[in-house]
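The following exercises are intended for a reader who meets this structure for the first time. Each task is followed by a solution in steps.

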Amino acid sequence: MEAVYVIIGGGIAGISCIEAISLLDESASIILISATPFVKAVTHINPLTKMLAEFSVEEKPFDYISSMFPSVNVVIDSAIKIDPVQRTVTTSTNKIVNYQKLCICTGASPKMIATDCDHVFGIRDIDSAKQLEEKLKDAKRIMVVGNGGIATELIYEIEGVEIIWAIKDKHISATFIDPGAAEFFQDRLVQKDKDAAATVVKTVKYTVGEGEGTKCTGAALGPHWHDRINLIAKNNASKITVEYEVEVSRVKFHGEDGENWPVYVELTNGKTVGCNFVVSATGVIPNSETISIVNGTFDLAEDKGIKVNSLMETNLPNIYAAGDVCSASWPTACHWFQMRLWTQARQMGSYAGRCMVESKRGEETIVDFCFEMFTHVTRFFGYKVILLGLFNAQNLDRNYELLLRVTKKNEYIKLVVSDGKIQGAVLIGDTDLEEMCENLILNQLNVSEFGEDLLNPDIDIEDYFD
Ligand SMILES: Cc1cc2nc3c(=O)[nH]c(=O)nc-3n(C[C@H](O)[C@H](O)[C@H](O)COP(=O)(O)OP(=O)(O)OC[C@H]3O[C@@H](n4cnc5c(N)ncnc54)[C@H](O)[C@@H]3O)c2cc1C
Ligand SMILES: NC(=O)C1=CN([C@@H]2O[C@H](COP(=O)(O)OP(=O)(O)OC[C@H]3O[C@@H](n4cnc5c(N)ncnc54)[C@H](OP(=O)(O)O)[C@@H]3O)[C@@H](O)[C@H]2O)C=CC1
């Protein structure tokens, strides 16, 4: 088999790459090698600003992609070997696929605190989400380890069990938010108040295809993944205890509490907690070493991602990478940095597709505007959360000040200001400030003259910047 463009992986990065290639070169032959018969498609795009968009992710059967783009052939199989000299990919059933340009979009896998225990698991795809649903049915007490996206969502969504939340930091959800925002969310930790939250936030529905039951690791879940599984147990009163500034030192099967929990977790603060199971929500490891390479090796970053330059090229000729599997290794714009998010998987996939086509045509590629500034929109504790630029003052040392506006239970707004210019923003709730903040970060206008009026709700500051 052969094609001009071959893509490995049918997650958001892979499908966005195919869409971009198909739009730029309608007749180009494309082969998608997908380990699962379902692929991810981005739908219902709702632009919030020039750079920020909400969208849905739908799980579609693989033939959807060939029906949308007739020049795409899908091979349902796992790629196991790449030969960059022969320009071939070999699959697990020994199919050999020749390429001119190859893009690796194989995603990432959960990084686990323990790999040899059935009672400790991570969440990545719909199968692992179903496993959580199943185990929750009989659970009385569970532990969630980690302080990022998955932990923050689970703590809010799971009910009817006791949850011990073990985090390394002094405040909750530290991967995304600062201590002030954590304080704002603290009420929701005790009183979930989901009905009130529902009125505050507009939601975009995430749908999961019926019938997915393959043994292969599927694409990563995305926003609203928990809407399709039941996370409400009825075995215990809902209770959340946060163990701050701890790590797991040991997982074992016996405790001294006289009870008979399936698993016991020893924490670095000296406590041992017995529970039904542990969710290891401790980040991801890129799937960069799951395919063997003959006649070459990939340069990997410290986080194990395949290093890519500003054209999404790896160090091996004609091989690109995009999404969770890659690590951006170019001198990035000062307001952008990589986080393994579906927004970035989509942006990187689309851009890699453009880079591949332009390289094939011998055209020059201009780096995509989306890499000028970090943007992310999500939902935590029932609130819309928008993160822009250096939202946590990343790389600013202590050389910055914060402008804050907080209305309890309603909104939390934080602007990061350095040298009189806005460098980043956290917007929680329906603030309608995203456009103004985005413009100010991109334009780097000096806002010193406005001082705290920048966040004065009685002054329509946007008029000044139009
Ligand atoms: C529970 C959960 C919730 C999340 N929520 C959010 C959120 O709210 N917002 C957000 O921005 N991000 C979120 N993310 C992160 C986001 O889902 C990922 O960053 C994004 O989906 C990565 O896309 P990808 O295409 O790079 O990888 P993936 O979606 O992992 O796709 C990789 C694909 O490659 C296939 N594959 C792997 N190896 C091979 C092989 N050898 N041969 C063939 N195929 C192969 C896999 O089967 C898979 O289909 C969440 C992640 C999880 C796990
Ligand atoms: N709404 C959203 O935007 C969501 C996004 N996601 C994305 O999905 C992916 C997986 O989510 P998740 O697993 O939550 O990953 P995240 O990277 O979001 O968070 C991982 C967390 O685990 C901590 N951690 C790492 N190792 C350990 C350890 N050994 N013991 C205790 N804590 C540890 C990290 O701390 P430290 O950083 O200090 O190492 C960090 O707080 C991520 O790419 C995430 O961005 C997931 C769900 C929702």
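**Exercise 1. The surroundings of Val39**

Beyond its neighbours within four places in sequence, Val39 is in contact with Gly10, Ile15, Ser34, Lys60, Phe62, Tyr64 and Ile65; contact means that the C-beta atoms of two residues, placed from the backbone, lie within 7 Å. This is a predicted model, in which local features need pLDDT of at least 70, side-chain atom pairs count only at pLDDT 80 or more, and totals for chains, interfaces and linings use all residues. Residues are numbered from 1 along each chain as its sequence is written, while chains are lettered from A and ligands numbered from 1 in the order in which they are written.

Task: State in which strand Val39 lies, and determine whether Val39 is buried or exposed.

Solution.
1. Val39 belongs to strand S3, residues 38-47. Helices (H or I, at least four residues) and strands (E, at least two) are DSSP runs, numbered from the N terminus.
2. A residue is buried if 20 or more other C-beta atoms, placed from the backbone, lie within 10 Å of its own, exposed if 12 or fewer, and partly exposed in between.
3. Val39 has 26 C-beta neighbours inside 10 Å and therefore counts as buried.
4. Lys170 is 131 residues from Val39 in sequence, and their C-alpha atoms are 39 Å apart in space.

**Exercise 2. Confidence in the model**

Task: Identify the residues over which pLDDT stays under 50.

Solution.
1. pLDDT is the predictor's confidence in each residue, from 0 to 100.
2. For the protein chain the mean pLDDT is 89, and 91% of the residues reach 70 or more.
3. The stretch sought is residues 196-216, for which the model has 46 contacts beyond four places in sequence.
4. Where pLDDT is low, the predicted coordinates should not be read in detail.
5. For the complex, the predictor gives an ipTM of 0.98 and a pTM of 0.92.

**Exercise 3. An open sheet**

Task: Give the order of the five strands in the open sheet and name its edge strands.

Solution.
1. Two strands pair if DSSP finds at least two bridges between them.
2. The order is S10-S17-S11-S12-S13, with parallel pairing.
3. Strand S10 (120-121) and strand S13 (239-243) are the edges, each pairing on one side only.
4. Within the sheet, five bridges join S11 (residues 141-145) to S12 (residues 162-166) in the parallel sense. Val144 stands opposite Trp165 in S12.
5. Val144 also appears with Met143 and Cys437 as the residues that touch the most other members of the largest nonpolar core, which has 71 residues. Such a core is a set of buried Ala, Val, Leu, Ile, Met, Phe, Trp, Tyr and Cys residues joined through C-beta atoms within 7 Å.
6. A second, separate core of 56 residues includes Val75, Cys105, Cys326 and Leu341.

**Exercise 4. Helix H4 and two ligands**

Task: Explain why H4 is described as largely enclosed, and relate H4 to the shells around ligand 1 and ligand 2.

Solution.
1. Eight of the nine residues of H4 are buried, so the helix is largely enclosed by the rest of the structure.
2. Its buried residues pack against S11, S12, helix H5 (179-190), S13, strand S17 (277-280) and strand S23 (375-380).
3. Around ligand 1 there are 40 residues, of which Gly9, Gly11, Gly107, Gly323 and Leu341 come nearest; a residue counts here if its C-beta atom, placed from the backbone, lies within 6 Å of the molecule.
4. Helix H4 (149-157) gives two or more residues to this shell, as do helix H1 (12-24), strand S2 (30-34) and helix H7 (342-360).
5. Ligand 2 has 22 residues around it, and Gly146, Asn147, Gly148, Gly149 and Arg340 come nearest. H4 supplies the largest share of this shell, four residues.

**Exercise 5. Two positive phi angles**

Task: Locate Asp397 and Lys409, and classify the exposure of Asp397 and of Lys409.

Solution.
1. Asp397 lies in the loop between strand S24 (383-389) and S25, with a positive phi near 45°.
2. Asp397 is exposed, because 7 other C-beta atoms lie within 10 Å.
3. Lys409 is in the loop between S25 and S26, and these strands form a hairpin with three residues between them. The phi of Lys409 is positive, near 65°.
4. Lys409 is partly exposed, because 15 other C-beta atoms lie within 10 Å.
5. Strands S25 (residues 401-407) and S26 (residues 411-418) run antiparallel and are joined by seven bridges; Leu404 stands opposite Lys414 in S26.
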